Amino acid sequence: MTKKYAYDVIYIGGGHASFDGAELLAKTGQKVALITDDLIGGTCTNRGCNAKITLDAPVNLQRAVNRMQGLVHGEITIDWPALVAHKKEVIKDLPQGTENKLTNAGVEIFRGHASLIGPHTVQIDGQTKYSAEKIVIGTGQHPNRLQIPGSELAHDSSEFMDLTEMPHNIAIVGAGYISYEFATIANAVGANVTVFMHGDQALRNFYQTFVKKVTVDLADRGVKFIHNAQVSSFTKNGQEVAVHYGNEQTAEFDWLLDATGRIPNVNNMGLEEVGVKYSKRGIKVNNYLQTSVPSIYAAGDVLDKSQPKLTPTATFESYYLYQLFSGQNTNTIKYPAIPTTVYTSPRIAQVGVTPAQAKQGDFEIVENHIPDDWYRQIDQETIGDRVLVFDKEHHLIGVTEFSDKAEDAVNTYLPAIVSGYDDNDMWQMAHIFPSVGASAWHKIR
């Protein structure tokens, strides 16, 4: 019997929203293609998570050495050019490695800009056409650009991570993940950093009590924060860039980072032409990740959704579609508890019910002061706090932590939250001792 379409599924995009599910689906025998005009692996692999954590590693080490002065002697400095070269070496083979896994599974990869020209048809670079029973849009996001005079003078996060020399004076506009993480890195390397905030609140999706403590720590290290900055324009003044803000105030810098967020990649894709509905927040989908066109689905950061736009979310959505398309799951998507971290030093990490949400409901709230934990005293952590949220049956339903090992602690708690452990289940978890995991787990038993 002749197939109606050339492929069972075509994925548009090269990131986790596409490749995680595409590989698995191809292994079931379905005919799968992936189209991308970017490196395989997308933003996270090439210009996001992997690159960022490589640049952050020496910062974490530097902080630990500083804390342990008296037990160790001497300070360390970060060689930025060497670090950027190391970052490139770490990630350079990742796209090809992912591509090899895809092709070995049977996925056909095409390069170029994909646009929709029908409910089952994709065109590459306005020329070659391919058809599929189903299409998945996983095109992610790109950096926002402030719509003000001189916006072309600002740089984005990718350009920061490729700087061959760290500028002496850096301005960062924005107060989200990218702003705080890159302010942390640049400050540790030795730059003078000024953060221009749109309002009076940073990292709005995190527990503000902990955000303020991170902000104070960065300020104590020399980072300058300008609240309610009302940035109006950028101008070039010789070799420097002037930031115009507030009531006719001006400050000059060597380099400027626009960290005002990310926006979905929905333009020039033919969405309007085929009837796929979207907003400025992304593509609208139902509980099956299905768009307004039944044969077209979407996953990852390109979605208009309430769930956090993170790699674990995109990976889960891609896996869900694999199960849906292979007939292993016919139910609507049910998201697990998805943790998130801002990689400052100290970090803030959280999952499940937040402290702010818990205070509005009937929950048990337990607070831990991290420096009181003997294990954290080993490397002389002096700041840090944790909030645990339990329901009335003492099931752990939320964790928020501010510490140098926050992401590890939250990962330790994750199984209890996802699986709904009761007291007996928690006693069955025998962690390696001593470790961050064992230390954290002790607090809920």
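In this predicted model, strand β4, spanning residues 114-118, is mostly tucked away, with four of its five residues buried. Its partner is strand β5 (residues 121-124), and the two run antiparallel, joined by four bridges. Across that pairing, L116 sits opposite V122 of β5. Two residues lie between β4 and β5, and the pair forms a hairpin.

Turning to the sheets, one is an open, four-stranded affair with parallel pairing and the order β10-β9-β8-β14. Its edges are taken by β10 (224-226) and β14 (255-258), each of which pairs on one side only. Going from strand to neighbouring strand, the average turn is 20 degrees, with direction ignored. Within this sheet, strand β9 (residues 192-196) and β10 pair in the parallel sense through three bridges, and F196 stands opposite I226 of β10. Helix α7, residues 177-189, packs on the sheet and touches β8 (169-173), β9, β10 and β14. The direction of α7 makes about 165 degrees with that of β9.

Another open sheet has three strands, ordered β11-β12-β13, and here the pairing is antiparallel. Because β11 (233-237) and β13 (249-253) stand at the edges with a single partner strand each, one side of each has no neighbour in the sheet. The twist from one strand to the next averages 25 degrees. β11 is joined to strand β12 (residues 240-245) by five bridges, and the two run antiparallel. One of the residue pairs here is N237 with E240, the latter being the bridge partner in β12.

Next come the helices. Two packed helices are described by the angle between their axes and the distance between the axes. For helix α1 (residues 16-27) and helix α10 (residues 311-325), the axes come within 7 Å and cross at roughly 35 degrees. The crossing of α1 and α10 is right-handed. On the α1 side, the contact is made by H16, A17, S18, D20, G21, L24 and L25. The α10 side contributes T311, A314, T315, S318, Y319, Y322 and F325. Sorted by class, the contact of α1 with α10 has seven nonpolar residues, six polar ones and one charged one.

As for annotations, an unreviewed UniProt entry lists residues 7-315 under "domain: FAD/NAD(P)-binding". Over residues 7-315, the chain is 33% helix and 26% strand, and the C-alpha atoms at the two ends lie 22 Å apart. The unreviewed UniProt entry also has a "binding site" annotation, which covers D301. In the model, D301 belongs to the loop between β18 (296-298) and α10. With neighbours within four places in sequence set aside, D301 is in contact with G140, Q141, K309 and L310.

A few backbone details deserve a look too. Most residues other than glycine have a negative phi, and most peptide bonds are trans. N268 goes the other way on phi, with a positive value near 55 degrees in a residue other than glycine. N268 sits in the loop between β15 (262-264) and α9 (271-274). With a relative accessible area of 67%, N268 is exposed. Q380 is not a glycine either, and its phi is positive at about 60 degrees. The loop that holds Q380 runs between β21 (364-369) and β22 (385-390). At 28% relative accessibility, Q380 counts as partly exposed, since that class lies between the buried limit of 20% and the exposed limit of 50%.

Then there are the cis peptide bonds. The bond from S345 to P346 is cis, with omega near 0 degrees. P346 is placed in the loop between β19 (340-342) and β20 (347-352). The peptide bond from F433 to P434 is cis as well, with omega near -5 degrees. P434 lies in the loop between α13 (423-427) and α14 (436-441).

How values were computed
Residues numbered from 1 in each chain as written. Predicted model: local features only at pLDDT ≥ 70, side-chain atom pairs only at ≥ 80, totals over all residues. Heavy atoms only, no water. Buried < 20%, exposed > 50% of the residue type's maximum accessible area, 1.4 Å probe, protein only. Pairing = 2+ DSSP bridges. Axes fitted to C-alpha atoms, helices over the stretch in contact; angles between N-to-C directions. Left-handed = near helix turned anticlockwise from the far one by under 90°. Contact = heavy atoms within 4.5 Å. Nonpolar A, V, L, I, M, F, W, Y, C, P; charged D, E, K, R; others polar. UniProt positions renumbered as here; feature names shortened; annotations may be inferred.
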